[in-house]
Amino acid sequence: MGDVIRLDQVRKQYGSFVAVDNADFCIGRGEFFAMLGPSGCGKTTTLKMIAGFEQPSSGRVLLEGVDVSTVPPYKRNVNTVFQQYALFPHMTVADNIAFGPRSKKLDEGEVKKRVGDMLDVVRLSEFANRRPAQLSGGQQQRVALARALVNYPSALLLDEPLAALDLKLREAMQIELKRIQREVEITFVFVTHDQGEALTMSDRIAVMSQGVVEQIGTATDIYKRPQSLFVAGFIGSANLLPAVVAQGDSAGASLDFWGGGRITVKSNHVNADVALTPGEQVTVMLRPEHLHVSATQPAGESLAATVTDIVFQGASVRVVARLANDTEVTVLVSGEADLPFLRPDSTLWLSWNADAPFVLDGWPSVAGATTTNVDSIEALL
């Protein structure tokens, strides 16, 4: 349905520090678009340039096809919701939502209609006459959303609006926020460092690192086919195992793991920038949920490991183990599975289906599991 926002080779620099480098992508009409990355990666700076609170050092920001790079925020048809909702404490919920239309001097009948429609969308009609202090955190957030949406902006910009909520409420609000976005059919641009939020709500995700957009794609694409080692390690939990190409052709490749063992991969499970030439250094990504455990060596490809820790997580059990070369890996098994051989210091065998591995270029800075070691997480971020 066309693009609402376009960033055309946008760069933002503060002195010698580059906060955003060559951001070049479009956000479609009615799309729920997330910018995801660790603190300091440039996602909020990018959002501020879209909103008009920052101007790009070079490049252009286009809104509905018009260059708004130097247009002040109040003249852009976008609204922003921050972590702090900044509701007017002396006004009722209805008056808070009506503030925007009244500022535009709309007819009072139109104002009441818009307020009523927005109260229905956010399911707060019965709270119209309450003050913000009489509402819960989730209700206050929905009022802030309604106030931002009531003027029907081209896009709604959200800067980590769920960060202040408790876990259960945050999870419920993720579903609620997606429902609201579908009902109003307005483009949402959502900034977060929480992978779960981005994966749950977004039509597409831009993963950022050190001011650079590493990958843009659907949640499925980014999770299953990451385009860089950073994305593979940052999104979800992964086991990143160094390997060397033994042989390869158009059908696939045989890889030798660093430390022993071999794995065969299909060509469509190899990232496009990987050269399948003998001796090439690559990384095999194996998600913990794609690994199978057994007490005896299975037929086919497998790796032996020693159990170091077992963590019960309700629906699943996380098993932490070490390979022969001391690389730490994690495995997720069903919480209902009866696996008596799983105990600290026991030996188990790890196997996988043919569609499980995905191969990336180069070796990771820290081999193995991406979510068990503080030092490796700090290296990633």
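The residues that line the largest pocket divide into 14 nonpolar, seven polar and three charged, where Ala, Val, Leu, Ile, Met, Phe, Trp, Tyr, Cys and Pro count as nonpolar, Asp, Glu, Lys and Arg as charged, and the others, Gly among them, as polar. The model is a predicted one, in which local features need pLDDT of at least 70 and side-chain atom pairs count only at pLDDT 80 or more, while totals for chains, interfaces and linings use all residues. Residues are numbered from 1 along each chain as its sequence is written, and side-chain values use heavy atoms, with hydrogens and water left out.

About 670 Å³ of space lies in this largest pocket, and of the 24 residues that line it, V78, N79, T80, A148 and N151 lie nearest its centre. A pocket here is an open set of points on a 1 Å grid over the protein atoms alone, with protein on both sides within 12 Å along at least five of seven lines, whereas a cavity is a set of points where a 1.4 Å probe fits but cannot get out; lining residues have an atom within 4 Å of a point. Grid points are joined across faces, edges and corners, and a volume is the space filled by probe spheres set on the points. At least two lining residues come from each of β6 (78-81), α2 (93-103) and α4, and β6 gives the largest share, four residues. These names follow DSSP runs, numbered from the N terminus, with helices being H or I of at least four residues and strands being E of at least two.

Two of the elements that line the pocket, α2 and α4, also pack against each other, at an angle of about 30° and with their axes 7 Å apart; axes are lines fitted to C-alpha atoms, for helices over the stretch in contact, and angles run from 0 to 180 degrees between N-to-C directions. That angle makes α2 roughly parallel to α4, since angles under 35 degrees count as roughly parallel, over 145 as roughly antiparallel, 65 to 115 as roughly perpendicular and the rest as oblique. V93, N96 and I97 of α2 make the contact with V143, A146 and R147 of α4, contact meaning heavy atoms within 4.5 Å.

Each of these two helices has a further partner. Helix α2 packs with helix α3 (residues 108-121) at an angle of about 130°, their axes being 9 Å apart, and this makes α2 oblique to α3. On the α2 side V93, A94, I97, A98, P101 and R102 take part, meeting E108, V111, V115, M118 and L119 in α3, and by class this contact has nine nonpolar, no polar and two charged residues.

Helix α4 (residues 137-149), for its part, packs with helix α5 (residues 167-184) at an angle of about 20°, with 11 Å between the axes, which makes α4 roughly parallel to α5. The contact joins G137, G138, Q141, R142, L145 and L149 of α4 to L169, M173, E176, L177, I180 and V184 of α5, a set that divides into seven nonpolar, three polar and two charged residues.

Elsewhere in the sequence, a search of the whole structure finds one cavity of 30 Å³ or more, and the largest cavity has a volume of about 50 Å³. Its lining consists of N239, L241, L286, L291, L303, L323, V329, L350 and W352, with β11 (239-249) and β19 (347-352) each supplying at least two of these residues. By class, the lining of this cavity has eight nonpolar residues, one polar and no charged.
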